[in-house]
Amino acid sequence: ILPNYYPIVDKNKYKCPDKLTKILNVGCFGAIRPLKNQLIQAIAAVEFAKNNKKKLNFHINVGRVEGNALGQIKNIRSLFDNLGEDFNLVEHAWVEHEDFCNLLEEMDICMQVSFSETFNIVVADAVSRYVPVVVSSEISWVNSECFADTTDVNNIVSTMQKVLDKKQQLIKANVKSLNKFSENSKLIWMKYFSK
């Protein structure tokens with residue numbers, strides 16, 4: 001299997017804000033699937049917002065619920081239905097890629113702490129827009145300080161805090177890692193097509 005290639009075209013265009021506002025926007029995008037682990041990430045985002053005395057907008061995609069995950073989306077909706085007005089689930093339809101990347105720029109942090117991944121385009125999209133990320137170690141090209149335990153809400157919360165505390169440093173590290181991954185991918189693809 002040939003690797004993904006995702007070069008960051010304009011390295012200076014996007015800047016993540018230094019400080020959080022009263023409302024924390026957390027993106028947990030992609031298809032709803034059992035192994036994507038969105039419910040545990042939603043619980044972690046709620047706990048993080050409570051710890052930091054922030055209102056929460058937890059953003060997900062809807063429209064692609066796969067692999068018998070109807071129960072998962074139902075549980076996520078139920079969680080937010082019972083939390084009160086300071087904690088909101090924001091559901092987004094699928095949009096064109098550029099529109100999605102523009103949406104990512106509105107996030108304070110993006111999460112993909114999933115059980116099973118490979119490259120993960122959503123994370124690459126977030127990194128390309130200079131948004132901090134928290135992921136599982138399945139997404140191996142991301143800086144390891146952004147790795148969280150898939151089944152430990154407290155660990156996800158503490159990783160979110162660490163990533164936001166070291167935001168600029170980790171954004172730069174992830175951009176560098178993505179560019180390095182893409183350069184290696186380019187060499188592999190060129191070698192493949194030169195056969």
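**Exercise 1. Two odd backbones**

Start with Asn37, which sits in the loop between β1 and α1. Keep in mind throughout that you're working with a predicted model. Your task: find what sign phi has at Asn37 and at Tyr130, and decide whether each residue is buried or exposed.

*Solution.*
- Step 1: check the backbone of Asn37. Its phi is positive, about 70°, although Asn37 is not a glycine.
- Step 2: check its surroundings. The relative accessibility of Asn37 is 4%. The cut-off for buried is under 20%, so Asn37 counts as buried.
- Step 3: move on to Tyr130, in the loop between α4 and β5. Tyr130 isn't a glycine either, yet has a positive phi of about 60°.
- Step 4: apply the cut-off again. With a relative accessible area of 10%, Tyr130 is buried.

**Exercise 2. Two more loop residues**

Take Met107 and work out which residues it touches beyond its sequence neighbours. Then look at Ile32: how far apart in space are the C-alpha atoms of Ile32 and Ser144?

*Solution.*
- Step 1: place Met107. It belongs to the loop between α3 and β4, and at 1% relative accessibility it is buried.
- Step 2: list its contacts, skipping anything within four places in sequence. You should get Asn25, Val26, Gly27, Phe29, His59 and Val131.
- Step 3: pick Val26 and compare sequence with space. Met107 and Val26 are 81 residues apart in sequence, but their C-alpha atoms are 5.7 Å apart.
- Step 4: now Ile32, found in the loop between β1 and α1. Its relative accessible area is 0%, so Ile32 is buried.
- Step 5: run the distance check on Ile32 and Ser144. They are 112 residues apart along the chain, and 25 Å separates their C-alpha atoms.

**Exercise 3. The buried side of α5**

Check the length of helix α5, then figure out why its buried residues lie on the same side.

*Solution.*
- Step 1: get the length. Helix α5 runs over residues 153-165, which makes 13 residues, and its first and last C-alpha atoms are 18 Å apart. That's close to the 18 Å expected at 1.5 Å a residue.
- Step 2: mark the buried positions. In α5 they are Ile156, Val157, Thr159, Met160, Val163 and Leu164.
- Step 3: measure how far they spread around the axis. The arc is only 165°, which puts these residues on the same side of α5.
- Step 4: bring in helix geometry. With 3.6 residues a turn, an α-helix has residues three or four places apart pointing the same way.
- Step 5: flip to the other face. Turned away from the buried side, you'll find the exposed residues Asn154 and Asp165.
- Step 6: ask what does the covering. The buried residues of α5 pack against β1 (23-27), α1 (38-51), β4 (109-112), β5 (133-135) and α6 (167-193).
- Step 7: zoom in on Thr159 as an example from α5. Thr159 is buried at 3% relative accessible area. Its contacts, not counting residues up to four places away, are Val134, Glu145, Cys146, Phe147 and Ala148.

**Exercise 4. Two more helices**

Which residues of α3 are buried, and what covers the buried residues of α6?

*Solution.*
- Step 1: read off α3. Phe100, Cys101, Leu103 and Leu104 are its buried residues. They span an arc of only 155° around the axis, which puts them on the same side of α3.
- Step 2: name the partners. The buried residues of α3 pack against β2 (55-61), β3 (87-92), β4 and α4.
- Step 3: check the length of α6. Its 27 residues should span 39 Å at 1.5 Å a residue, and the end C-alpha atoms are 38 Å apart, which agrees.
- Step 4: pick out its buried residues, among them Leu170, Ile171, Val175 and Leu178. The list also includes Lys167, Asn174 and Asn179.
- Step 5: find the cover. It includes α4, β5 and α5.

**Exercise 5. The largest pocket**

Describe the lining of the largest pocket: which element gives the most to it?

*Solution.*
- Step 1: get the volume, about 280 Å³.
- Step 2: find the lining. There are 15 residues, and the closest to the centre are Gly30, Ala31, Arg64, Trp94 and Val122.
- Step 3: sort by element. Those giving two or more residues are α3 (97-104) and α4 (121-128), and α4 gives the most, with three.
- Step 4: sort by chemistry. The lining has six nonpolar, four polar and five charged residues.

Conventions: Residues are numbered from 1 along each chain as its sequence is written. This is a predicted model: local features need pLDDT of at least 70, side-chain atom pairs count only at pLDDT 80 or more; totals for chains, interfaces and linings use all residues. Side-chain values use heavy atoms; hydrogens and water are left out. On a 1 Å grid over the protein atoms alone, a cavity is a set of points where a 1.4 Å probe fits but cannot get out, and a pocket is an open set with protein on both sides within 12 Å along at least five of seven lines; lining residues have an atom within 4 Å of a point. Grid points are joined across faces, edges and corners, and a volume is the space filled by probe spheres set on the points. Helices (H or I, at least four residues) and strands (E, at least two) are DSSP runs, numbered from the N terminus. Ala, Val, Leu, Ile, Met, Phe, Trp, Tyr, Cys and Pro count as nonpolar, Asp, Glu, Lys and Arg as charged, and the others, Gly among them, as polar. The expected span of a helix is 1.5 Å times one less than its number of residues. Buried means under 20% relative accessible area, exposed over 50%, partly exposed in between (1.4 Å probe, protein chains only). The arc is that of the directions from the helix axis to the C-beta atoms. Contact means heavy atoms within 4.5 Å.
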